[in-house]
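Got the viewer open? Here's a short tour, one selection at a time.

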Amino acid sequence: MGLRSIGHATGRAAHAALQPVQRALFSRSVAVPGYHLATQAALAWGRLLGGDVRREGELHVISGLPAWAFGRGGTTVGATFLTNANVSADVLAHEEVHRQQWLRYGLAFVPMYYAAGIDALTNRYEIEAGLELGGYLPKRPATRPRRRPTAS
């Protein structure tokens, strides 16, 4: 048995062994309490720093925070988006996807997000949330429908 075969066999065995752990971590009974804990911690953080709190659908938006209080242009933790003033409709749509990711994965989302890489252009969670909506890529111009020639 070659080294490559041993590596593949070991990988398959590890994957099979970790599936029950992964299922337990991502189960609603574990993920949802982690999501709520993260939401409450971020709300407390934003309020402690004197941010302006409002609701946008399911998302708590806390703006007016100092730049050191969050990452990049803003950070979603649980259902709470922490930012200074980055609250356009596009950004909030992007952050809503992150809220849904938190709800799906709970606290496990933190290491999963960082394992996906800090470069937003290659991070699968940023890509899923929409790089253009999040301001990581310029918006593509809207395409207009082609006009059909009219019969004369």
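Before selecting anything, set your burial cut-offs: buried is under 20% relative accessible area, exposed is over 50%, and partly exposed lies in between (1.4 Å probe, protein chains only). By that count, 33% of the 152 residues are buried. This is a predicted model, where local features need pLDDT of at least 70 and side-chain atom pairs count only at pLDDT 80 or more, while totals for chains, interfaces and linings use all residues. Numbering runs from 1 along each chain as its sequence is written, and side-chain values use heavy atoms, with hydrogens and water left out.

Switch to cartoon: you'll find five helices and four strands, in the order α-α-β-β-β-β-α-α-α. Both are DSSP runs numbered from the N terminus (helices H or I, at least four residues; strands E, at least two).

Next, select Tyr 35, Ala 38, Ala 79, Trp 102, Tyr 105, Ala 108, Phe 109, Met 112, Tyr 113 and Tyr 125. That's the largest nonpolar core, 10 residues in all. A core here is a set of buried Ala, Val, Leu, Ile, Met, Phe, Trp, Tyr and Cys residues joined through side-chain atoms within 4.5 Å. Color α2 (28–48), α3 (89–105) and α4 (109–115), the elements that each give this core two or more residues; α4 has the largest share, with three.

Now center on Phe 109. What does Phe 109 touch, leaving out residues up to four places away in sequence? His 98, Gln 101, Trp 102 and Tyr 125, with contact meaning heavy atoms within 4.5 Å.

Last stop: a second, separate core of seven residues, including Ala 42, Ile 62, Ala 69 and Leu 82.
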